[in-house]
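Here is a set of exercises to work through at your own pace. Look at the structure first, try each task, and then read the solution.

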Amino acid sequence: MKKPKWVVQKEQEKKVEASQTVWLFGLHAVRDALENPAREKLKLMVTPNAQAKLEEAIAKAGVTPEVVDPRKFRPPLDSGSVHQGAVLEVKPLSWGSVKEVCIGAVAPRVLLLDRVTDPHNVGAILRSAEVLGASAVIGMRHHAAPETGALAKSASGALERQPYLRVRNLADTIKELQNMGYLVLGLDGEADMTVETALEGKRDRPVALVLGAEGPGLREKTKETVDALVRIDAGGGFGSLNVSNAAAIALYASRAHT
């Protein structure tokens, strides 16, 4: 019996995912990955200078680096990547399912990204999520920044510690979180309610904050699925926030105890 097309497609996607690797670069990103026992490390290339700086992390990871003369150091990266003489090939991290990472904390906070594709923005969001105690950052599988060296560098180590999941369908994930008891709020500059107003008397609830790409914002389907649309209470009469700044402010505004 011939397999349905969707089954074949799913199997092909799994094979592609299993074969994917990421080249991390820069001393900070490489050090954090080396020190992360959950990270599968494949190949480390360093200059002698970078090797000296990463000596402890290399020993901890138990990997044998390929030490390369700086003049011959040609890692498989874009020419503009500032690698500081250290690159590490790794497998993408697996954090598990939405249910596994979004249950457990008292009044957890989760960020969902609706088509946020810029790796620098996603990296900055991961940093804010880690600092402000979010349970997870969830993006879309086909319309979100994947794990890359640029994302890891922008995340400044947070990629190794902050769960970053990518899901097939954002609306389905919103419904899943709602069924888990989450209050799901979509950030929209035109909304009537502020984050704080929407959370009055509800700060003991788990909260998911959905942010859209700069410019187009949230898709209509996303707006229809969330529990409420909210805005950040801004003092100025014009201008808008970068999505990573908006994520940090919304997380802070939605914290359980004020």
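**Exercise 1. Find how strand β5 (residues 109-114) and β10 pair, and over how many bridges.**

Solution. Step one: β5 and β10 run in the parallel sense and share six bridges. Here two strands pair if DSSP finds at least two bridges between them, and strands (E, at least two residues) and helices (H or I, at least four) are DSSP runs, numbered from the N terminus.

Step two: pick out one bridge. Arg-109 has Val-207 as its bridge partner in β10.

Step three: turn to strand β8 (residues 183-187), which pairs with β10 in the parallel sense over four bridges. There, Leu-185 stands opposite Leu-209 of β10.

Before going on, a note on the model. It is a predicted one, in which local features need pLDDT of at least 70 and side-chain atom pairs count only at pLDDT 80 or more, while totals for chains, interfaces and linings use all residues. Residues are numbered from 1 along each chain as its sequence is written, and side-chain values use heavy atoms, with hydrogens and water left out.

**Exercise 2. Place β10 in its sheet and decide whether its residues are buried or exposed.**

Solution. Step one: the open sheet has seven strands in the order β7-β6-β5-β10-β8-β11-β9, with parallel pairing. Its edge strands, each pairing on one side only, are β7 (164-167) and β9 (193-194).

Step two: check the cover. In strand β10 (residues 207-212), six of six residues are buried (under 20% relative accessible area with a 1.4 Å probe, protein chains only; exposed is over 50%, partly exposed in between).

Step three: sort the directions. Val-207, Leu-209 and Leu-211 point one way, Ala-208, Val-210 and Gly-212 point the other way, and all are buried.

**Exercise 3. Work out why α2 can be called largely enclosed.**

Solution. Step one: six of the eight residues of α2 are buried, so the rest of the structure largely encloses this helix.

Step two: name the buried ones, which are Leu-27, Ala-29, Val-30, Asp-32, Ala-33 and Leu-34.

Step three: look for the cover. It includes β1, β2, α3 (48-53), α4 (55-61), β4 (86-90) and α7 (149-155).

**Exercise 4. Describe the surroundings of Asn-36.**

Solution. Step one: Asn-36 is found in the loop between α2 (27-34) and β2 (41-46). Its relative accessible area is 11%, so Asn-36 is buried.

Step two: follow its side chain, which reaches the backbone nitrogen of Ala-38 at 3.0 Å. The side chain of Asn-36 also makes a polar contact with that of Glu-160 (2.9 Å). A polar contact is a pair of N or O atoms within 3.5 Å; within protein, one must be able to donate a hydrogen and the other to accept it, and residues adjacent in sequence count only if both atoms are side-chain atoms.

Step three: list the contacts (heavy atoms within 4.5 Å). Leaving aside neighbours within four places in sequence, Asn-36 is in contact with Lys-41, Leu-93 and Glu-160.

**Exercise 5. Trace the sheet of four strands and name its edges.**

Solution. Step one: this open sheet has the order β1-β4-β2-β3, and its pairing is mixed. The edge strands are β1 (22-25) and β3 (66-67), each pairing on one side only.

Step two: β2 and β3 pair in the parallel sense over two bridges, and Met-45 has Glu-66 as its bridge partner in β3.
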